[in-house]
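Got the model open in your viewer? Let's take a short walk around the ligand, one selection at a time.

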Amino acid sequence: MPANPMTLPRVTYSNIAEDFAAVHDHLDVLIPQFKAGLPADLRPNRIAARNDADGSVYKAVSPIDRDIVLGTFVEASPGSLDRAVKAAQAACPGWNALGWQARVEHLERVAREFERRKYEIGVACLLEVGKSRMEAVGEVEETLDLIRYYCAEMTANNGYARDMKRAFPQERTHVVLRPHGVFGVISPFNFPLALSVAMITGALVAGNCVVYKPSPMAGLTGHLLIECFEAAGIPAGVVNLVCGGATVGEALVNHPAINGIAFTGSHAVGMRIFRSMAARPFALPVIAEMGGKNPTYVTQSAEIATAAAGVMRSAFGLQGQKCSSGSKVYVHNAVYDDFMQALVKLTRAIQIGNPEGRAIFMGPVINREAAERFDKAADSVRQQGRFEIGGRRLSGGLFDKGYYVEPSIAVGLPDDHCLHKEEQFLPLLAVKQFSDFESALADGNSVLYGLTAGIYTRDERELRLFLDRAEAGVLYANRASGATTGAWPGIQTFCGWKGSGVSHKGGLGPWYVPQFMREQSHTIME
Ligand code: NAD
């Protein structure tokens, strides 16, 4: 008898040692079923819980195999976008008047809806992004926990309301955080569920309404997640979906009735949005979470097998397309040969292919542009350094129908090479040797980004130095499941420093939700 999906073990990004055979058995049945049921019909945008097909139509295909059509979507027209913002604006007073307790109840129902459809939505994410089974199902689990965590924070903080001290017995003051109004939510392709739902939930639980624009590569999961909000009974207009790319995103940012933007994506786009919002007559909130370089330090005292496993998983999980992907590793001279030998051995053993399969660790990169960026970076490595392993695009069979590249480790590059300094968002790891740890740390800090950093050491002094000096919001030490990746709501917080964020508060943690609110003090004479 097939297992009840509700009783299968939870997949998180770091419980890699558990037995997931029952999850795989379930997915073996579900994946072909889901593919067979992929609707060929148009998927219109959703405005005030109604279809809106105004705009130009585009087809999305899977990066795994361009013959798999994920759906046909509508790039929202300017009129459609305007209707979405107005629908959100109209819904705001009612949604806010419900009070935070009722909003929490609504959102907890959304979490239950996601839980009920967990595997189906996970399969959509696998096909849309090319994620491995574990990454895809893990993302839906993270989505559930994100909703529940932000609801729990709202509750633990009593809706962010406090009584203040009295200056006089007859005067009382109460302070409260209140919503801004309509938030535009703009999300990236790589975690289309967790990050979209995190931003939407943060905005909604705080009492705002939302116009949500997914990545143009992620319309399918965008639609499925809106179905979950609607099925859970979120009132019409509270969350609206407009598909499309940069043009729709820019129109959303520039819409005069928007009261704030929550964005996750690249540094270039995030900063563009930040600057464009700053040109308004008064400041509106921009919560922008952006890219990372994510250096890891393997010191002389590191446990080599753990370090190699953690670096490999961090560099090549999801094909290096995580904001927290470890794309640079500093290795002490004394352990360099041993570490490289272990890392190359693990990298050689990676199974690349169709992520529908059980054992596949790496699927395709997201699209043709990503594969072309890989080719360009690989050429530059061959000119200025060399590959210890990898560096080629894969071809033949399925590889010709999607975008598959090798997990690649580059060495001997000049200090100012783009692989040392810029986010590539590809399975490209640059390695650098060091003899002095403090100088290595300073070099690792000398990038635009400040998202995550990792270390492998058994030396207390080195660990202290790392924790004191690493310029990043998320630090990890001695993790085999990922040198710099694998954050979880309520467990790690995820704050981008420097060019990785603008608000200096992170997702997944206790200071996320208040960012969607503004403070008001009520002083009343009794
Ligand atoms: P992207 O910046 O290309 O696109 C992100 C979103 O912005 C998409 O929905 C896109 O359509 C939209 N957009 C593009 N141009 C726009 C414009 N001019 N105005 C408004 N919206 C616009 O990013 P991507 O390739 O989808 O995602 C990868 C990036 O996201 C990487 O840099 C990664 O590090 C980052 N990321 C960061 C985090 C984090 O938590 N810090 C998490 C995931 C991804």
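Start by selecting the ligand: in this predicted model, the ligand sits in the largest pocket.

Next, show the residues around the ligand. There are 29 of them, and Ser187, Glu250, Ser266, Met290 and Glu423 come nearest. Keep those five on display as sticks for the next stops.

Now color the shell by residue class. You should find 15 nonpolar residues, nine polar and five charged.

Then switch to coloring by domain. Domain 1 (42–290 + 505–525) and domain 2 (295–488) each give the shell at least three residues. For a view by secondary structure, pick out α8 (246–254), β11 (260–264) and α9 (267–278); each supplies at least two residues of the shell around the ligand.

Time to zoom in on the polar contacts. Select Glu423: an N or O atom in its side chain is 2.6 Å from an oxygen atom of the ligand. Move on to Phe189, where a backbone N or O atom lies 3.2 Å from an oxygen atom of the ligand. Then click Gly265, which places a backbone N or O atom 3.3 Å from an oxygen atom of the ligand.

For the last stop, turn on the protein surface. How much of the ligand's accessible area does the protein cover? On its own the ligand has 860 Å² of accessible area, and the protein covers 89% of that.

Note on methods
Residues numbered from 1 in each chain as written. Predicted model: local features only at pLDDT ≥ 70, side-chain atom pairs only at ≥ 80, totals over all residues. Heavy atoms only, no water. Near = heavy atom within 4 Å. Polar contact = N/O pair within 3.5 Å; in protein donor to acceptor, adjacent residues only side chain to side chain. Areas by Shrake-Rupley, 256 points an atom, 1.4 Å probe, with all protein chains shown as cover. 1 Å grid on protein atoms, 1.4 Å probe; cavity = no way out; pocket = protein on both sides within 12 Å on 5 of 7 lines; lining within 4 Å. Sits in = over half its atoms within 2 Å of the grid points. Helix = DSSP H or I, 4+ residues; strand = E, 2+ residues; numbered from the N terminus. Nonpolar A, V, L, I, M, F, W, Y, C, P; charged D, E, K, R; others polar. Domains from an automatic or database assignment.
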